[in-house]
Amino acid sequence: VDPISMMFGSGGIPGMNQSFSGGGGGVDPMSMMFGSGGMPGNSQSFASSSSQHLQQQHQQQQQKYDIIPRGTVVSLKGLVNAPDRNGDKGIIQQHNSQTGRYIINLSEDEGSSVEGRDKKTMSIKAANIQQHIQVKCHNIQHKIELNGTTGTIVSWATSNGRYCIYITSLKELVYLLPGNVILANGTVAQIHGLQSKPELNNTFGTIKEWIGDTNKYDIQLSPQQVIRVKVENVRV
């Protein structure tokens with residue numbers, strides 16, 4: 001049984017037809033649930049996955065570097081008042097600056113109840129959103145064949161502090177530490193565990209660049225502020 005089908009339905013994880021190199025052949029066994037266009041906002045290269053969206057926002061008014069882009073594929077997690085919706089998948093429609101919540105367009109699931117299917121949107125806190133974004137594996141010592149491969153984040157395992165990632169080329173799930181995962185430029189991520197500037201913990205920012213020599217990110221918090229953070233202190 002395909003574990004991705006079990007978690008995301010027969011359609012699999014959207015956006016998995018994209019590769020960093022553009023190579024490969026055959027048919028991806030996980031057909032996209034969002035049509036042949038793949039994951040919204042994820043049709044560009046790794047280094048510029050969200051650049052077009054960022055440029056559009058900048059043209060409108062002052063950039064919001066702490067807002068997850070519209071069109072990002074997500075699933076719900078940690079909901080207490082509606083635990084039956086945990087695991088439901090959808091797309092970010094917009095961010096409500098007054099409430100600080102995201103409006104999520106939920107995908108209909110044939111297995112869900114009639115009541116659940118009727119509710120096509122939900123207003124969700126950032127803490128209850130899991131982004132399903134494409135990443136690249138890096139500096140893995142115990143399984144070096146994974147280095148350079150790409151996949152999609154399925155979930156975050158709090159118990160062991162690892163991402164669960166579906167590796168496209170291998171068609172398997174792996175669990176990797178944040179230090180072994182490279183997030184794309186333009187990704188909006190959350191800062192955790194800073195000792196030198198604890199006041200920045202739990203804040204969101206946009207990744208500008210990954211610095212390979214030091215394995216750190218330059219993260220834009222505002223038009224005036226860019227900080228350099230270890231990859232271990234950044235999560236999505």
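Cys137 has a relative accessibility of 2%, so this residue counts as buried. The model is a predicted one. Cys164 also comes out at 2% relative accessibility and therefore counts as buried. The structure holds 0 disulfides. For a disulfide, the sulfur atoms of two cysteines would have to lie within 2.5 Å.

The next topic is the aromatic rings. Searching the whole structure turns up 1 aromatic pair. Its members are Trp156 and Tyr163, whose ring centres are 5.0 Å apart. The planes of these two rings meet at 70°, and because an angle over 60 degrees counts as edge-to-face, the pair is given that label. Trp156 has a relative accessible area of 17% and is buried. The cut-off for buried is under 20%. Tyr163, at 1% relative accessibility, counts as buried too.

From here the view can widen to the nonpolar cores. In soluble globular proteins, nonpolar side chains tend to be buried together. The largest nonpolar core in this model has 27 residues. Those with the most contacts inside this core are Ile153, Ile165, Leu176, Leu183, Ile219 and Val234. Several strands give two or more residues to the core, among them E6 (134–137), E7 (150–157), E8 (162–167) and E9 (172–176). Further along the chain, E10 (181–183), E11 (188–191), E13 (216–220) and E14 (226–230) do so as well. The strand that gives the most is E8, with 3 residues.

Ile219 shows what the surroundings of one core residue look like. Leaving aside neighbours within four places in sequence, Ile219 is in contact with Ile191, Gly205, Thr206, Ile207, Gln225, Val226, Ile227, Val229 and Val234. Val234 is also listed with Ile219 among the residues with the most contacts inside the core.

A second core, separate from the one above, has 14 residues, including Ile67, Val74, Ile104 and Met122. Val74 leads to strand E1, which covers residues 73–76. Which way do the side chains of E1 point? Val73 and Ser75 point one way, while Val74 and Leu76 point the other way. All four of these residues are buried.

Strand E1 is joined to two other strands. With E2 (residues 89–96), E1 forms 3 bridges, and the two run antiparallel. Here Val73 stands opposite Ile91 of E2. With E5 (residues 129–131), E1 again has 3 bridges in an antiparallel arrangement. In that pairing, Val74 has Gln131 of E5 as its bridge partner. Val74 is thus a residue of the second core as well as a bridge partner in the pairing of E1 with E5.

Note on methods: Residues are numbered from 1 along each chain as its sequence is written. This is a predicted model: local features need pLDDT of at least 70, side-chain atom pairs count only at pLDDT 80 or more; totals for chains, interfaces and linings use all residues. Side-chain values use heavy atoms; hydrogens and water are left out. Rings of Phe, Tyr and Trp (its six-membered ring) pair if their centres lie within 6.5 Å; planes under 30 degrees apart count as stacked, over 60 as edge-to-face and the rest as tilted. Buried means under 20% relative accessible area, exposed over 50%, partly exposed in between (1.4 Å probe, protein chains only). A nonpolar core is a set of buried Ala, Val, Leu, Ile, Met, Phe, Trp, Tyr and Cys residues joined through side-chain atoms within 4.5 Å. Helices (H or I, at least four residues) and strands (E, at least two) are DSSP runs, numbered from the N terminus. Contact means heavy atoms within 4.5 Å. Two strands pair if DSSP finds at least two bridges between them.
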